[in-house]
Amino acid sequence: MNVTLRYILTVFGAVISIHYLLFFTHAEYRQAISLDTLARLRGVVDTVPPMPDRYYPSFQNATLSTSYRANATFVILARNSDVQGTVQSVREIEDRFNRRFRYPYVFLNEEEFTDEFKNRISILTSAKIEYGLISKEHWYQPSFIDENKAEEGRNYLIKEGVIYGGSVSYRNMCRFNSGFFFRHPLMEKYRWYWRIEPDVHFHCDIRFDPFAFMEENNKVYAFTIAMYEFEKTIPSLWGHVKDFIKLYPEYLAKDNSMGFLSDSDGETYNLCHFWSNFEIADMSFWRGEAYTKFFEYLDQKGGFYYERWGDATIHSIAAALFAPSNQIQFFDQIGYEHNPYTHCPRDEATWREEKCTCDPKRSFDYDGYSCMRKWDRIVG
Ligand SMILES: Nc1nc2c(ncn2[C@@H]2O[C@H](COP(=O)(O)OP(=O)(O)OP(=O)(O)O)[C@@H](O)[C@H]2O)c(=O)[nH]1
Ligand SMILES: [Mg+2]
């Protein structure tokens, strides 16, 4: 062994020995290298306010012992071909949450659900299930869209290699989720919804009622993951948002979250948005005047088809601007995965007590592509 190698090994051995010595003898050292501290170093806040006990109703024989239920439903948009992924998502949300709460489900599709689809779902829950057909006007590309221009837009995004760049059905889905799902006749009777997609995972027990929490605390929108949008899908969107604000300054909430969306006080969009495949929200916000005007304004610009605007950015921009920041809720407690990203609770007690199957170290909150740091600064 040459001298340099021996020297390196000696130093390495000394560092490891000191590490273990300090680890077992000094609590401050253990604290200093803990996950929380690493989180802080990575710019994400470590402490999340605990969920008050009153949102954890008691159960007798696995049945909710309170009669209170929010006026709420799950909503799942799916194709018949999504049946396996949908079964898996429903199974997980039932096991982790809804076998106790029994909130109903609304499944939506632009085609009739097959008997096979309904049969596969019906055995998973004792909650009420409804299956709805989406009307043509709520789903398909509207006639005011110039198809030649839309095709040019699709070809451009295909050339640029943007995911779903050439897909018209993806665009129909994004527009439907932006402006129409809450107007479906089966959804009209509900105020609150929890959006679920096929093939997602719920990594922790959810023993509290997020709907009751939102209702009592006057929240309008809740998320678990925040990230950056692909700029090529929304080149003209922020310009239209700025024009809309100039036209209707009265809709801007006083304590809005512009700082989450923009690093230049509204001049430019930093692409941050809440990842809308998970959403728990108040539909009266989408049905209200500000959002109705906002959606109609943007829809007329045609960007759902000429570009590839996503419902995540549309919902996020509206929630961040038209609601005060204290009405937007980050649910640290809900461990959630939509490929390829996972939010895993930062709070260690939650992670342990709710028997989470996710790895907190790999939570997307700490990823460079996450917008969580910006959100933490808004509420911090
Ligand atoms: N009925 C119906 N549902 C659709 C269609 N396209 C997408 N969906 C549903 O809309 C939601 C979002 O679609 P996804 O394909 O998951 O889009 P995404 O989450 O952006 O992308 P990936 O999950 O990464 O593929 C899911 O619930 C899908 O099942 C469609 O053409 N018809
Ligand atoms: Mg998806």
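**Figure 1. Asn-218, in the loop between α9 and β8.** Asn-218 is found in the loop that runs between α9 (210-216) and β8. The model shown here and in the other views is predicted. Phi of Asn-218 is near 60 degrees. That is a positive value, and the residue is not glycine. Asn-218 counts as exposed because just 11 other C-beta atoms lie within 10 Å, and the cut-off for exposed is 12 or fewer.

**Figure 2. Asp-265, in the loop between α11 and β10.** This loop lies between α11 (258-261) and β10 (272-274), and Asp-265 is found in it. Phi of Asp-265 is near 55 degrees, again a positive value in a residue other than glycine. Asp-265 is exposed, with 8 other C-beta atoms within 10 Å.

**Figure 3. The cis peptide bond between Asn-339 and Pro-340.** Asn-339 and Pro-340 are joined by a cis peptide bond. Omega is about 5 degrees here. Pro-340 sits in a loop, with β13 (336-338) on one side and β14 (341-343) on the other.

**Figure 4. The open sheet of seven strands.** The strand order is β5-β4-β3-β6-β11-β8-β12. Pairing in this sheet is mixed. Its edges are β5 (129-133) and β12 (328-330), and each of these pairs on one side only. Neighbouring strands are turned by 20 degrees against each other on average, direction ignored.

**Figure 5. Strand β11 and its two partners, β6 and β8.** In the strand order, β11 stands between β6 and β8. Strand β6 (residues 192-195) pairs with β11 (residues 279-282) in the antiparallel sense, over four bridges. Follow the partners along this pair. Tyr-193 has Ala-281 as its bridge partner in β11. For Arg-195, the bridge partner in β11 is Glu-279. Strand β8 (residues 221-223) also pairs with β11 in the antiparallel sense, here over two bridges. On that side, Ala-222 has Ile-280 as its bridge partner.

**Figure 6. The two faces of β11.** Both faces of this strand are covered. One side carries Glu-279 and Ala-281. The other carries Ile-280 and Asp-282. All four residues are buried. Two of them have already appeared as bridge partners of β6 residues: Ala-281 with Tyr-193, and Glu-279 with Arg-195.

**Figure 7. Tyr-221 in the largest nonpolar core.** This core has 82 residues. Tyr-221, Phe-223 and Ala-226 touch the most other members. Helix α15 (residues 311-322) gives the most to the core, with eight residues. The close-up centres on Tyr-221. Leaving aside neighbours within four places in sequence, Tyr-221 is in contact with Ala-281, Phe-285, Ala-319, Ala-323 and Ile-328. Of these contacts, Ala-281 belongs to β11.

**Figure 8. The shell around ligand 1.** The residues around the ligand are Leu-77, Ala-78, Arg-79, Asp-82, Asn-109, Glu-110, Ser-169, Tyr-170, Met-173, Glu-197, Pro-198 and Asn-277. Five are nonpolar, three are polar and four are charged. Helix α8 (residues 168-179) gives the most to this shell, with three residues.

Key
Residues numbered from 1 in each chain as written. Chains lettered and ligands numbered in written order. Predicted model: local features only at pLDDT ≥ 70, side-chain atom pairs only at ≥ 80, totals over all residues. Pairing = 2+ DSSP bridges. Axes fitted to C-alpha atoms, helices over the stretch in contact; angles between N-to-C directions. Near = placed C-beta within 6 Å. Nonpolar A, V, L, I, M, F, W, Y, C, P; charged D, E, K, R; others polar. Buried ≥ 20, exposed ≤ 12 C-beta atoms within 10 Å, placed from the backbone. Core = buried A, V, L, I, M, F, W, Y, C linked by C-beta atoms within 7 Å. Contact = placed C-beta atoms within 7 Å.
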